[in-house]
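Me: Please take me through the salt bridges and the cysteines of the model shown here.

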Amino acid sequence: MRDGKEVSIVIPYWRGARYLEDCITSIDRQGVSCEILLVCDRGHDEIPRTVQDNPNVKILKAEAVPGFPAGKGTSGQEDSPLGPAFCRNAALDNASCEYVYFIDSDDYLLENTLSPMLNLAEERAAGAVTGNQYSSWFSSYNFDPEQAGRETGIKENGLLQGELLRQRFKNRLTVQHFLVRRSLLEENRIRFDAGRFRYSDMEFILRVLQCGAGHVWALRDSFYVCRNHNDRIHLPSLSQTEDRNCGDDYLDACRASEEWIREGDQELQKVLDHCLIQFVLSHYPGLLSQTAMSSLRPRFRRMADWKGRQEGLPFWQKKMLDAMRSGYNRIARLCHKCYVVGKKKQGLLGNRIQWYRVLEHLLFRRLPLRRDWIILESFFGRSYSDSPRYLYEYLQRTYGSRYRYIWVLNGRSEELDKSGKHTVCRLESLRYVYYMSRCGYRIFNVRQPSWNKKRAGVVFLETWHGTPLKKLGFDMEDVFSADPEFKTVFYTQAKEWDYLVSANSFSTEVFERAFGYDRERILEYGYPRNDILYSEDKDTIAAGVKRELGIPEGKRVLLYAPTWRDDQAIVTGQYGFELALDLGRLREEFGKDTVVLLRTHYYVAQQINLEAYQGFVYNGSSYEDVSRLYLASDVLITDYSSVFFDYANLRRPILFFAYDYKSYADELRGLYIDMEKELPGPVLATNDELVEALRHLEEISERYRSRYEKFYERFCSVDNGTASERIIEKVFRKR
């Protein structure tokens with residue numbers, strides 16, 4: 001039985017308050033007695049109140065001593081960070097426990113990580129103990145320990161030597177997830193080089209491994225999660241701030257580390273050489289200066305067993321390293337290009353868009369820009385719909401043949417066929433690449449492809465596709481369903497938009513923050529797609545929609561429009577979906593005078609079988625224009641889809657069937673508004689509650705009348721049927 005404080009946990013902290021909170025929480029769940037030495041670097045973020053009130057946390061402030069030089073990589077200003085090495089030294093000077101453990105403030109531990117390490121250290125009289133590291137873009141909520149166990153390097157418990165040593169440091173030498181006996185550090189005077197802003201771990205951990213040789217152990221089932229940052233713009237990690245000097249810094253750290261490796265210690269030398277090669281491969285050529293390139297040649301030539309050091313590398317990477325070792329840097333660059341081409345060969349040879357981009361670069365972008373051509377796209381070419389459709393129809397009515405209209409459409413649209421003279425191209429076809437290169441105007445309701453850069457002179461009107469309920473862009477903590485680089489790509493793409501349409505002041509504030517977009521370029525004019533909701537002939541339009549779908553006259557129409565779930569992603573960008581609405585129960589209760597009009601998100605539109613409900617459920621998921629479905633319905637049932645913001649323009653009843661509200665709001669993407677206090681209708685958790693609400697719809701409408709009016713004023717008061725006119729006159733008349 002261990003008594004008293006067992007371990008001093010060292011955490012350098014610069015910024016990232018929400019990551020820090022997760023980190024401290026994961027430590028508290030370890031069930032070990034510890035002191036948490038949180039060392040705050042200069043200019044740090046405010047520390048969360050939960051961390052300040054934690055009795056185990058001791059907050060230290062890192063302050064430079066007189067004459068101390070700013071570490072490499074800092075700005076040199078008074079509030080610039082001193083670096084993790086300086087902070088860790090400050091913590092070591094204040095540590096009081098038998099063991100010290102190193103964790104970064106943006107990482108976290110799985111449960112039962114520290115206790116087994118302490119047990120092993122006691123049983124084996126170990127100088128240090130480590131375990132598996134795993135990189136993740138997400139919080140512990142979305143972490144899969146089984147997958148981590150398959151992908152991490154340490155497969156068995158044992159002394160950290162041989163293959164275990166190489167696997168533990170297969171990418172870089174780091175002090176993260178090391179439990180070290182403090183007496184080992186004190187007796188050997190091991191500290192971090194405080195003048196080194198980057199890569200200070202390398203020298204420190206090599207000294208620990210050398211001084212504790214034969215007494216450093218590895219645990220298979222001990223998991224430390226290195227949390228990647230998917231917001232490189234506002235909250236980059238230290239490794240995401242690397243610049244042209246990072247290669248010089250790394251080589252300098254390698255030289256300093258080598259001095260501590262005993263002559264003939266091939267194991268540590270091999271690990272150091274391997275990490276250097278991995279660094280070069282991952283940073284070549286962009287972040288390697290000429291100085292770094294020149295110093296690599298003698299460094300490579302000194303490596304013993306050169307061929308062995310390249311074991312397992314692809315052919316062109318081996319040739320690139322050979323060329324660098326011989327001083328043939330031009331050949332090295334050529335080999336690197338061959339490697340990149342080879343790595344992307346499936347895309348280059350199997351994906352036509354890659355070949356089209358060659359034509360774009362060599363020919364299309366050299367042709368004159370056509371300022372009288374307009375390219376329009378709605379939901380990546382899935383339909384002729386949404387605000388681009390209504391802007392296009394206004395342009396046709398008002399300007400006619402003055403412009404040439406190019407619609408991005410992957411299928412056929414009868415409505416578009418009847419709309420007027422236009423051209424159609426499929427998404428990512430050769431014609432698509434051609435028109436994207438030459439059209440002087442773009443009108444989209446989603447993001448543009450990241451590979452296409454807007455030419456000078458092009459006017460880009462982004463209408464977006466709804467008032468946000470779920471958090472967007474930089475407001476999202478973790479991006480479960482999209483590319484982990486989503487935020488960086490989004491930020492870059494948003495900078496190309498000349499105008500962004502907003503339906504209300506709430507959306508304007510969100511777009512400015514979540515997209516990093518200039519407020520002056522946001523057109524708060526309402527959504528063009530909502531113009532039809534104020535049309536004088538909206539009843540005639542509704543009757544036509546019902547005839548198209550085969551809905552009998554006189555039936556009450558319940559429009560059910562759920563969204564997809566981020567946590568039901570099968571793989572990145574692909575989604576599963578299970579219908580929670582009990583259609584059989586609804587048919588039994590209301591089938592005589594009611595029908596259900598189903599409108600699922602386009603991500604999952606093809607995954608629901610409705611054969612058993614013919615005559616009661618009508619699938620409008622593939623219907624191009626959801627605004628017309630609004631007109632054809634009497635009641636909206638939804639959850640987290642933003643459709644209710646638009647539907648509220650009709651002032652018709654809205655029910656919120658949010659069966660997984662708690663997990664969706666708190667643990668997935670989060671919501672902008674309090675559904676229980678601000679929505680213009682009840683939040684219903686079960687099918688029983690939904691049935692009861694439909695039985696007493698008039699009573700519910702009266703109960704929520706006041707809240708509905710407030711909601712309408714906040715989110716719908718800008719829409720008045722003239723959004724298309726106002727936007728087109730603003731964007732096109734100005735030019």
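Me: How far is the sulfur of cysteine 338 from the closest cysteine sulfur, and why is there no bond?
Reply: The closest cysteine sulfur belongs to cysteine 335. A disulfide is a pair of cysteine sulfur atoms within 2.5 Å. The two sulfurs are too far apart for a bond, because the distance between them is 6.2 Å.

Me: On what basis are such values given?
Reply: This is a predicted model, in which local features need pLDDT of at least 70 and side-chain atom pairs count only at pLDDT 80 or more, while totals for chains, interfaces and linings use all residues. Residues are numbered from 1 along each chain as its sequence is written, and side-chain values use heavy atoms, with hydrogens and water left out.

Me: How many disulfides does the structure hold?
Reply: A disulfide is a covalent bond between the sulfur atoms of two cysteines. For the structure as a whole, the number of disulfides is zero.

Me: Is cysteine 716 buried or exposed?
Reply: Buried means under 20% relative accessible area, exposed means over 50%, and partly exposed lies in between (1.4 Å probe, protein chains only). Cysteine 338, at 25% relative accessibility, counts as partly exposed. Cysteine 716 has a relative accessible area of 0%, and is therefore buried.

Me: How many salt bridges does the structure hold?
Reply: A salt bridge is counted where a side-chain nitrogen of Lys or Arg lies within 4 Å of a carboxyl oxygen of Asp or Glu. By this criterion, the number of salt bridges in the structure is 41.

Me: Which residue forms a salt bridge with aspartate 273?
Reply: The closest N and O atoms of this pair are 3.0 Å apart. The pair links distant parts of the chain, 36 residues apart: aspartate 273 lies in helix 10 (residues 266-283) and its partner in helix 12 (residues 306-309). Helices are DSSP runs (H or I, at least four residues), and strands are runs of E (at least two), numbered from the N terminus. Both residues are buried, and the partner is arginine 309.

Me: Is arginine 513, the salt-bridge partner of aspartate 475, buried or partly exposed?
Reply: The closest N and O atoms of aspartate 475 and arginine 513 are 3.0 Å apart. Aspartate 475 lies in the loop between strand 14 (459-462) and helix 20 (486-494), whereas arginine 513 is in helix 21 (residues 505-514), 38 residues apart. Aspartate 475 is buried, at 15% relative accessible area. Arginine 513 has a relative accessible area of 43%, so this residue is partly exposed.
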